[in-house]
Amino acid sequence: MGQALNGALKTRWIKLMWDLKVKGEMINKFDIVYHNYNSVTRKHHNIGHLESCLNVFDNVKHLLNNPLLVELALWYHDVIYSTAVGADNERDSIDLFRKHF
């Protein structure tokens, strides 16, 4: 399942980047995002969680004014996840997003 999920998500990522007209290191960005969500230390905010979010998104995207940006936000909403005391996962996720875009 891991390889198939990786392939399906990578295809989806490439389409999103294409639709957003993002140029450059799109595969490298995907690899970083996928690696973070696929970390063995994650219990909930993992690749399955991302896939679930994207599945729900697919059912409601027709209701959104800017579904491409909402989908991009979903990819990054939990990309950084640490259980360490004082960790600011939201800020760190935003920082990675800013670095990528």
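## Core, helix contacts and salt bridges in a predicted model

Ile-94 has a relative accessible area of 42% and is therefore partly exposed, and its place is in helix α5, which covers residues 89-100. This description, like everything that follows, refers to a predicted model. Although Ile-94 and Ala-73 stand 21 residues apart along the chain, their C-alpha atoms are separated by 9.4 Å.

### The nonpolar core

Which residues have the most contacts inside the largest nonpolar core? They are Leu-9, Trp-13, Met-17, Val-33, Trp-75 and Tyr-76, in a core that has 21 residues. The elements that contribute two or more residues to this core are α1 (2-19), α2 (26-37), α3 (47-60) and α4 (67-76). As a general background, nonpolar side chains in soluble globular proteins tend to be buried together.

Leu-9 is a good residue with which to begin a closer reading. Leu-9 is found in helix α1, and because its relative accessible area is 5%, which is under the 20% limit, it counts as buried. When residues up to four places away in sequence are not counted, Leu-9 touches Phe-30, Tyr-34, Ile-47, Leu-54 and Trp-75. The C-alpha atoms of Leu-9 and Met-26 are 13 Å apart in space, while the two residues are 17 apart in sequence.

Val-33 can be followed in a similar way. Once its neighbours within four places in sequence are left aside, Val-33 is in contact with Trp-13, Trp-75, Tyr-76, Val-79 and His-100. Trp-75 thus appears among the contacts of Leu-9 and also among those of Val-33.

Is Asn-6, a residue of helix α1, buried or exposed? Asn-6 counts as buried, because its relative accessibility is 18% and the limit for buried residues is under 20%. Not counting residues up to four places away in sequence, Asn-6 touches Phe-30 and Tyr-34, and both of these residues are also touched by Leu-9.

### How α2 meets α4

The axes of α2 and α4 come within 10 Å of each other and cross at roughly 50°. An angle of this kind falls outside the ranges for roughly parallel, roughly antiparallel and roughly perpendicular axes, so the two helices are described as oblique to each other. On the side of α2, the residues that take part in the contact are Lys-29, Phe-30, Val-33 and Tyr-37, and on the side of α4 they are Leu-74, Trp-75 and Tyr-76. Sorted by class, this contact has six nonpolar residues, no polar residues and one charged residue.

### Salt bridges

How many salt bridges does a search of the whole structure find? The search finds eight, and the table gives three of them, with the N to O distance of each pair.

| Residue pair | N to O distance |
|---|---|
| Asp-31 and Lys-10 | 3.8 Å |
| Arg-12 and Glu-71 | 2.6 Å |
| Asp-92 and Arg-91 | 2.9 Å |

In the salt bridge of Asp-31 with Lys-10, Asp-31 belongs to helix α2 and Lys-10 to helix α1, so the pair ties together parts that are 21 residues apart in sequence. Asp-31 is partly exposed, with a relative accessible area of 36%, and Lys-10 is partly exposed as well, at 26%.

The salt bridge of Arg-12 with Glu-71 joins helix α1, where Arg-12 lies, to helix α4, where Glu-71 lies, so this pair ties together parts that are 59 residues apart in sequence. Glu-71 has a relative accessible area of 8% and is therefore buried. Arg-12 and Glu-71 are also linked with Asp-58 and Lys-61 in a network of salt bridges.

For the pair formed by Asp-92 and Arg-91, the accessibility values can be set side by side: Asp-92 counts as partly exposed at 23%, and Arg-91 is partly exposed with a relative accessible area of 45%.

### A residue in a loop

Where is Lys-21 placed? Lys-21 is in the loop between α1 and α2, and its relative accessibility of 67% is over the 50% limit, which means that it counts as exposed. Although Lys-21 is not a glycine, it has a positive phi of about 60°.

How values were computed
Residues are numbered from 1 along each chain as its sequence is written. This is a predicted model: local features need pLDDT of at least 70, side-chain atom pairs count only at pLDDT 80 or more; totals for chains, interfaces and linings use all residues. Side-chain values use heavy atoms; hydrogens and water are left out. A nonpolar core is a set of buried Ala, Val, Leu, Ile, Met, Phe, Trp, Tyr and Cys residues joined through side-chain atoms within 4.5 Å. Buried means under 20% relative accessible area, exposed over 50%, partly exposed in between (1.4 Å probe, protein chains only). Helices (H or I, at least four residues) and strands (E, at least two) are DSSP runs, numbered from the N terminus. Contact means heavy atoms within 4.5 Å. Axes are lines fitted to C-alpha atoms, for helices over the stretch in contact, and angles run from 0 to 180 degrees between N-to-C directions. Angles under 35 degrees count as roughly parallel, over 145 as roughly antiparallel, 65 to 115 as roughly perpendicular and the rest as oblique. Ala, Val, Leu, Ile, Met, Phe, Trp, Tyr, Cys and Pro count as nonpolar, Asp, Glu, Lys and Arg as charged, and the others, Gly among them, as polar. A salt bridge is a side-chain nitrogen of Lys or Arg within 4 Å of a carboxyl oxygen of Asp or Glu.
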